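Student: I would like to learn how to read helix packing and burial from a model. Could we work through an example together?

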Amino acid sequence: MYRSEDEIERVVRGFESCETDKSAFKHLEHLTVGVWYLQTLDTKAAVDRMRTGLLRFVDHHGVPREKYSEQVTVYWIELIREKLMELTSGASLVDQCNYVINSLAHRPASRAEVEASLAKS
């Protein structure tokens with residue numbers, strides 16, 4: 001759980017600069033970046049920025065681009081947006097990130113799991 005905005009900013013900066021090791025950028029870090037983007041961007045722009053960042057990240061770390069899924073990215077950004085809408089408008093960034101993580105960390109995070117879940121709905 002986060003205790004400061006600085007912790008959250010470090011996650012976002014590490015992701016965007018590709019300084020974060022690929023093994024250290026897991027589900028919770030994805031959620032954190034999604035919350036960060038949705039602070040100032042609408043859903044479409046957040047998806048666009050996440051896509052750009054993820055593709056840069058996988059390219060930098062030599063991960064095959066096939067690991068990226070537009071459908072999964074849209075799914076998560078929309079879910080994060082829904083969770084953020086449950087909070088009061090004055091909730092801090094720390095509270096927002098922690099709430100989203102507590103609410104969504106248990107959801108299937110792998111591409112296959114998300115795509116299977118989407119196929120059922």
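The dialogue below goes from the overall fold to a pair of helices, and then to single residues.

Student: What kind of model is this, and how are its residues numbered?

Tutor: It is a predicted model, in which local features need pLDDT of at least 70 and side-chain atom pairs count only at pLDDT 80 or more, while totals for chains, interfaces and linings use all residues. Residues are numbered from 1 along each chain as its sequence is written, and side-chain values use heavy atoms, with hydrogens and water left out.

Student: How many helices and strands are there in the protein chain?

Tutor: Helices (H or I, at least four residues) and strands (E, at least two) are DSSP runs numbered from the N terminus. The protein chain has 6 helices and 0 strands, so its elements read α-α-α-α-α-α from the N terminus on. Of its 121 residues, 40% count as buried, where buried means under 20% relative accessible area, exposed over 50%, and partly exposed in between (1.4 Å probe, protein chains only).

Student: How is the packing of two helices described?

Tutor: Two packed helices are described by the angle between their axes and the distance between the axes. Axes here are lines fitted to C-alpha atoms, for helices over the stretch in contact, and angles run from 0 to 180 degrees between N-to-C directions. The axes of α4 (residues 70–85) and α5 (residues 93–104) come within 10 Å and cross at roughly 115°.

Student: Which residues of α4 and α5 meet?

Tutor: With contact taken as heavy atoms within 4.5 Å, Trp76, Leu79, Ile80, Lys83 and Leu84 of α4 meet Gln96, Tyr99, Val100, Ser103 and Leu104 of α5. These residues divide into 7 nonpolar, 2 polar and 1 charged, on a scheme in which Ala, Val, Leu, Ile, Met, Phe, Trp, Tyr, Cys and Pro count as nonpolar, Asp, Glu, Lys and Arg as charged, and the others, Gly among them, as polar.

Student: Is α5 mostly covered or mostly open, and what covers its buried residues?

Tutor: α5 is mostly covered, with 9 of its 12 residues buried, among them Leu93, Val94, Cys97 and Ile101. What covers the buried residues of α5 includes α1 (5–16), α2 (27–40) and α4.

Student: What surrounds Gln96 in helix α5?

Tutor: Gln96 is buried, with a relative accessible area of 10%. Leaving aside neighbours within four places in sequence, Gln96 is in contact with Val35, Gln39, Leu84, Leu87 and Ala91. The side chain of Gln96 also makes a polar contact with the side chain of Gln39 (2.3 Å); a polar contact is a pair of N or O atoms within 3.5 Å, where within protein one must be able to donate a hydrogen and the other to accept it, and residues adjacent in sequence count only if both atoms are side-chain atoms.

Student: What should I look for at the ends of α3?

Tutor: Asp42 caps the N-terminal end of α3, with a side-chain oxygen 3.3 Å from the backbone nitrogen of Lys44, and α3 is followed by Gly62, whose phi is positive, near 70°. The buried residues of α3, including Met50, Leu54 and Phe57, have α1, α2 and α4 among what covers them.

Student: Which residue has a positive phi although it is not a glycine?

Tutor: Cys18 has a positive phi of about 65°; Cys18 sits in the loop between α1 and α2, and is buried with a relative accessible area of 6%.
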